[in-house]
Amino acid sequence: MLTINLIRENPEFVIERLGVKNFDAAAIVNNILTLDRRRRELQSQSDGIQSELNTLSKQIGLMMKNGEKDAAEKAKESVATMKEQQKSYIDELAATEEELKNEIVKLPNLPHASVAPGKTADDNVIVRSGGTVPVLHSDAAPHWDLIKKYDIIDFDLGIKLTGAGFPVYKGKGAKLQRALVNFFLDEGEKAGYREIEPPIMVNKDSGFGTGQLPDKEGQMYHATLDDFYMIPTAEVPVTNIYRDVILDGSELPVRNMAYTPCFRREAGSWGAHVRGLNRLHQFDKVEIVQIAHPDNSYEQLEEMVKHVEGLLVKLGLPYRILRLCGGDISFTSALTYDFEVFSAAQQRWLEVSSTSNFEAFQANRLKCRFKDKGDKQTRLCHTLNGSALALPRIVAAILENFQTPDGIIIPEVLRQYTRFDIID
RNA sequence: GGAGAGAUGGGUGAGUGGCUUAAACCAGCAGUUUGCUAAACUGCCGUAUGGGUAACUGUACCGGGGGUUCGAAUCCCCCUCUCUCCGCCA
């Protein structure tokens, strides 16, 4: 949610920047400005009456005490008239505020100056790439065949237990999964992130705080009996730690990370591009979250990008980093880097991380603020998050890229965690 | 799940309808004093929103939402959460 101050003070700038996201904001912005003027006018009028009422009430108290009954009764009558008038202001004020909020939430976040205009994923900018695509042997297979061959991940069993998209990891498959989680957490700790183990179900307030509710309700699993939602990402609980919190400026940036399972209903298409581990209802992920000072949040974003890139380098996977164009960047993000690894048997790039600066867009909803020493006013923090990393596609890439006729070779950095060096 | 007791500022905690402009203490910040520390003293010490260049000032907020009243932290109703005891339980 954009702040009303920004819209009020720089309406032209807001419209111009949203144009980069192919969003025509002119009509909405104009409507917002009108509603905002009306809202302030109404509040002034209502407050003015309230002020008079407060004074009058005190006077009535004194009159009663002094036994001036008639004067008190007369004053009560004028109170009634004033309250009636105030009610019409208050009713219109509430309606105006409601309408104003409904308009403001329609506006996406402003894209950062470095975001290129563009319509689709084809317009994303490749920032850099690294690693080398392996040359596979002649009967190399995609991961959905490999997992059967080595009996490490079982989709059919998942269907029996739950349904499609809930795989069962077995033996070395389960151990590889656990090794990756531990590797990511240990690397995160070295980079200064505090490990959090959050609830993986959240209440409605948390869903609203990070923006999953009300619009994306259908993407989350909902436990209706208790009105809890299964988290689609650890971003939800970990960022909501800072909902309604005022931090001291010296505490920033705050670096937290969490490993959690993630649950997504993904009511989307199914087909070849979502086969195997490419898209699931339940998957594991290590998420990094920062709460940053607005003055240096982009330095923090670069720090996060370097961290995620370091993980891919250490795993030895071929990767590329994309800066998303205006058309592909999410509603809430100001700047997003996507990380993709090349999965050699599928001959496809798979997204394994999306690392973003939301600036104050999310913080405004969360009411996550800070105060610098000496400042009177609180300011909104900037929030950032990124996957570091999402497991299934990393597993898919490891299986496909490191396959040999003798088995799948485990990356060097994982062997202290797996305690085996080949899946065969 | 049952019974009872509670929810007040960063913390402790007073406040049963107007004398509260939420006391007091602690913590914190600034200053005075001091060779330094400590102590003492003085002042400041919440959030949101409206008006104002600003100083300043109006309004709201005592878990959340309604209600009674000229006037509510205080009385009434609903909800949420916490604590104690009992039951159940990894």
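**Exercise 1. In this predicted model, find what the side chain of Gln86 makes a polar contact with, and decide whether Gln86 is buried or exposed.**

Solution.
Step 1. Locate the residue: Gln86 belongs to helix α4, which covers residues 69–104.
Step 2. Look for a polar partner. The side chains of Gln86 and Gln50 make a polar contact at 3.0 Å.
Step 3. List the other neighbours. Leaving out residues up to four places away in sequence, Gln86 touches Ser46, Ile49, Gln50 and Leu53.
Step 4. Judge the exposure. The relative accessibility of Gln86 is 6%, and the cut-off for buried is under 20%, so Gln86 counts as buried.

**Exercise 2. Describe the protein surface near RNA strand B: which residues come nearest, and which element gives the most residues?**

Solution.
Step 1. Start with the residues. There are 21 around RNA strand B, and Ser44, Asp47, Lys83, Lys371 and Thr378 come nearest.
Step 2. Ask which part of the RNA faces the protein. Of the atoms of RNA strand B that come within 4 Å of the protein, 79% belong to sugar and phosphate.
Step 3. Check individual polar pairs. Lys83 has a polar side-chain atom 2.4 Å from a phosphate oxygen of RNA strand B. For Thr378, a polar side-chain atom also lies 2.4 Å from a phosphate oxygen of this strand. Asp47 meets a base: an N or O atom of its side chain is 2.2 Å from a base nitrogen of RNA strand B.
Step 4. Assign the surface to elements. Two or more residues each come from α3 (26–65), α4 and β14 (368–371). The most come from α3, with 12 residues.
Step 5. Sort by class. The surface near RNA strand B holds nine charged, eight polar and four nonpolar residues.

**Exercise 3. Work out how strand β16 is paired and why it counts as largely enclosed.**

Solution.
Step 1. Take β10 (residues 282–292). Seven bridges join β10 to β16, and the two run antiparallel. One point on this pairing is Ala292, opposite His382 in β16.
Step 2. Take β13 (residues 348–357). This strand pairs with β16 over two bridges, again in the antiparallel sense. Here Asn357 has Leu384 of β16 as its bridge partner.
Step 3. Count the buried residues. In β16 (residues 382–390), nine of the nine residues are buried, so the strand is largely enclosed by the rest of the structure.

**Exercise 4. Give the strand order of the open sheet that contains β18, and state which strands stand at its edges.**

Solution.
Step 1. The sheet has three strands in the order β17-β18-β19, with antiparallel pairing.
Step 2. The edges are β17 (403–404) and β19 (422–423); each has a single partner strand, so one side of each is left without a neighbour in the sheet.
Step 3. Examine one pairing. Strand β18 (residues 407–409) is joined to β19 by two bridges, and Ile409 stands opposite Ile422 in β19.

**Exercise 5. Do the same for the open sheet that contains β7.**

Solution.
Step 1. The order of the three strands is β5-β7-β6, and the pairing is antiparallel.
Step 2. Here β5 (201–202) and β6 (222–223) are the edge strands, each with a single partner strand, so each has one side without a neighbour in the sheet.
Step 3. The pairing of β6 with β7 (residues 228–230) runs over two bridges, with His222 opposite Tyr229.

**Exercise 6. Identify the residues with the most contacts inside the largest nonpolar core, and examine the surroundings of Ile423 and the helix α12.**

Solution.
Step 1. The largest nonpolar core has 59 residues, and Leu180, Phe184, Val341, Ile394 and Ile423 have the most contacts inside it.
Step 2. Apart from it lies another core, of 16 residues, including Ile7, Val29, Leu100 and Leu110.
Step 3. Beyond four places in sequence, Ile423 contacts Tyr150, Ile152, Lys172, Leu176, Leu399, Gly407, Ile408 and Ile410.
Step 4. Helix α12 (residues 391–401) is mostly covered, with 10 of its 11 residues buried. Among them are Ile394, Leu399 and Glu400.
Step 5. Set this against the whole chain: buried residues are 48% of the 424 in chain A.

Conventions: Residues are numbered from 1 along each chain as its sequence is written. Chains are lettered from A and ligands numbered from 1 in the order in which they are written. This is a predicted model: local features need pLDDT of at least 70, side-chain atom pairs count only at pLDDT 80 or more; totals for chains, interfaces and linings use all residues. Side-chain values use heavy atoms; hydrogens and water are left out. Helices (H or I, at least four residues) and strands (E, at least two) are DSSP runs, numbered from the N terminus. Buried means under 20% relative accessible area, exposed over 50%, partly exposed in between (1.4 Å probe, protein chains only). A polar contact is a pair of N or O atoms within 3.5 Å; within protein, one must be able to donate a hydrogen and the other to accept it, and residues adjacent in sequence count only if both atoms are side-chain atoms. Contact means heavy atoms within 4.5 Å. A residue is near a molecule or strand if one of its heavy atoms lies within 4 Å of it. Ala, Val, Leu, Ile, Met, Phe, Trp, Tyr, Cys and Pro count as nonpolar, Asp, Glu, Lys and Arg as charged, and the others, Gly among them, as polar. Two strands pair if DSSP finds at least two bridges between them. A nonpolar core is a set of buried Ala, Val, Leu, Ile, Met, Phe, Trp, Tyr and Cys residues joined through side-chain atoms within 4.5 Å.
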